[in-house]
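This report describes the interior packing, the principal pocket and selected local features of a single structure. The sequence and coordinates are shown first.

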Amino acid sequence: MDTRLPTLYVSHGSPMTALEEGATTAFWRRLGPAIDAAFGRPKAVLAISGHSLTREPVLLAAARHPTVHDFYGFPEPLYALRYDADGAPALAREVAGLLRAAGLNAQLSPEGGLDHGIWTPLRSMYPDADIPVLPLGWPPNWAPEKLFALGRALAPLAAQGVLVMGTGAITHNLRLFAGGRGDPAQPEYPESAAFRGWIADKAAAADWAALNDYRRQAPHAALMHPTDEHLLPLHVAAGAAGDDAPGRRLFAEVQWGHLGMDAYAFGAGAQALVTQLSS
């Protein structure tokens, strides 16, 4: 068994994904067991969410993380969902050391909490909440190249059984929900398809230079990501793989015609995860 975990980027979508049954939730429910079968149960999850934004890297080193319902205007049953998980204070200190050794000023915080970008997929992947979680807050104003380098500093974690998982959305323009574009089953917009296809092609080619320059090179980048905090965790995850193996798209779905729910694995173990998911 190859014990070096791949790194992941998972599109977490709307908070309602935690309540609704659909293709994405079904994929997450297969993903956790597939990881366990191919690599063994992760010792911890280092989570980089599009909602955990800070001025510099900050590790939430609490011993216990409560569920954070960081949204409003949704049905009451959503606020009743819980995913409280143990933290990883010792791992937080180790990760801070890795980042500082790479010249990155990382801080430790005694605070805890899992935003919906973290607990929504984990609740389906590992429903018993029995794996410690370490959230890493990150600066959204850092360039993709710098976030890729931040990921590179995390590369030793995979060999230790720590699952590095970035979460966001492969396409994320909430403005498109306004103006009458409200059918959840409508066909995908051509702009979304072009952007998602470009990301998949560049990841499969391990073309990190192009991916880091996606804002200029990718088709319809500004439309698909007016702000890019939901895509940038992909760059951290790709860097954290620590090698130049191709990235593998594990799952592809589009909701509402424009909200991409794609998931990726990076690193030498990515293909093994693809194989396990297809078995």
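The sections below treat the nonpolar cores, two helices, the largest pocket and several individual residues of this predicted model.

## Nonpolar cores

The largest nonpolar core has 40 residues, and those touching the most other members are Leu8, Leu31, Ile35, Leu122, Met125, Leu250 and Leu273. At least two residues of this core are supplied by each of β1 (7-11), α1, β2 (44-49), α4 (116-125), β8 (162-168), β9 (248-251), β12 (263-266) and α11 (270-278). Helix α1 gives the largest share, seven residues. A second, separate core comprises 27 residues, including Leu46, Ala88, Val95 and Leu154.

The contacts of Leu8 illustrate the packing in the largest core. With residues up to four places away in sequence not counted, Leu8 touches Leu31, Ile35, Met125, Leu163, Val164, Met165, Gly166, Ala237, Leu250, Tyr264, Ala265 and Leu273. Among these partners, Leu31, Ile35, Met125, Leu250 and Leu273 are also listed with Leu8 as core residues that touch the most other members.

## Helix α4 and its surroundings

How many of the ten residues of α4 are buried? Nine of them are, so the helix is largely enclosed by the rest of the structure. The buried set consists of His116, Gly117, Ile118, Trp119, Thr120, Pro121, Leu122, Ser124 and Met125. These residues pack against β1, α1, β2, α2, β7 and β8.

Two residues from other helices show contacts with α4 in detail. Leu78 belongs to helix α2 (residues 76-80) and counts as buried because its relative accessibility is 0%. Apart from neighbours within four places in sequence, Leu78 is in contact with Pro15, Met16, Ala18, Leu19, His69, Phe71 and Trp119. Leu78 and Met16 are 62 residues apart along the chain, yet their C-alpha atoms are separated by 7.2 Å. Thr25, in helix α1, has a relative accessible area of 4% and is therefore buried. With neighbours within four places in sequence again set aside, the contacts of Thr25 are Thr17, Glu20 and Ser124.

## Helix α6

Does the length of α6 agree or disagree with the expected rise per residue? At 1.5 Å a residue, the 15 residues of this helix (residues 190-204) should span 21 Å, and the C-alpha atoms at its ends are 21 Å apart, which agrees.

The buried residues in α6 are Ser192, Phe195, Arg196, Trp198, Ile199, Ala200 and Ala203. An α-helix has 3.6 residues a turn, so residues three or four places apart point the same way. Just after α6, Ala206 adopts a positive phi of about 50 degrees.

## The largest pocket

The largest pocket holds about 450 Å³ of space. Its lining is formed by 25 residues, and Gly13, Ser14, Pro15, Thr17 and Leu259 lie nearest its centre. By class, the lining contains nine nonpolar, twelve polar and four charged residues.

Helix α1 (residues 23-39) gives the most to this lining, with three residues. This helix also provides the largest share of the largest nonpolar core. Two of the residues nearest the pocket centre, Pro15 and Thr17, appear in the contacts described above: Pro15 is in contact with Leu78, and Thr17 with Thr25.

## Loop residues and positive phi values

Most residues other than glycine have a negative phi, and most peptide bonds are trans. Ala129 and Trp256 both carry positive values: phi is near 50 degrees for Ala129 and near 60 degrees for Trp256. Ala129 lies in the loop between α4 and β7 (133-137), whereas Trp256 is found in the loop between β10 (254-255) and β11 (259-260). With a relative accessible area of 18%, Ala129 is buried, while Trp256, at 27% relative accessibility, counts as partly exposed. The cut-off that decides these assignments is 20%, under which a residue is buried.

Gly267 is located in the loop between β12 and α11. Its relative accessible area of 6% makes Gly267 buried. Excluding neighbours within four places in sequence, Gly267 is in contact with Ala241, Asp243, Ala245 and Pro246. The C-alpha atoms of Gly267 and Pro246 are separated by 7.0 Å, although these residues are 21 residues apart along the chain.

Conventions
Residues are numbered from 1 along each chain as its sequence is written. This is a predicted model: local features need pLDDT of at least 70, side-chain atom pairs count only at pLDDT 80 or more; totals for chains, interfaces and linings use all residues. Side-chain values use heavy atoms; hydrogens and water are left out. Helices (H or I, at least four residues) and strands (E, at least two) are DSSP runs, numbered from the N terminus. The expected span of a helix is 1.5 Å times one less than its number of residues. Buried means under 20% relative accessible area, exposed over 50%, partly exposed in between (1.4 Å probe, protein chains only). Contact means heavy atoms within 4.5 Å. On a 1 Å grid over the protein atoms alone, a cavity is a set of points where a 1.4 Å probe fits but cannot get out, and a pocket is an open set with protein on both sides within 12 Å along at least five of seven lines; lining residues have an atom within 4 Å of a point. Grid points are joined across faces, edges and corners, and a volume is the space filled by probe spheres set on the points. Ala, Val, Leu, Ile, Met, Phe, Trp, Tyr, Cys and Pro count as nonpolar, Asp, Glu, Lys and Arg as charged, and the others, Gly among them, as polar. A nonpolar core is a set of buried Ala, Val, Leu, Ile, Met, Phe, Trp, Tyr and Cys residues joined through side-chain atoms within 4.5 Å.
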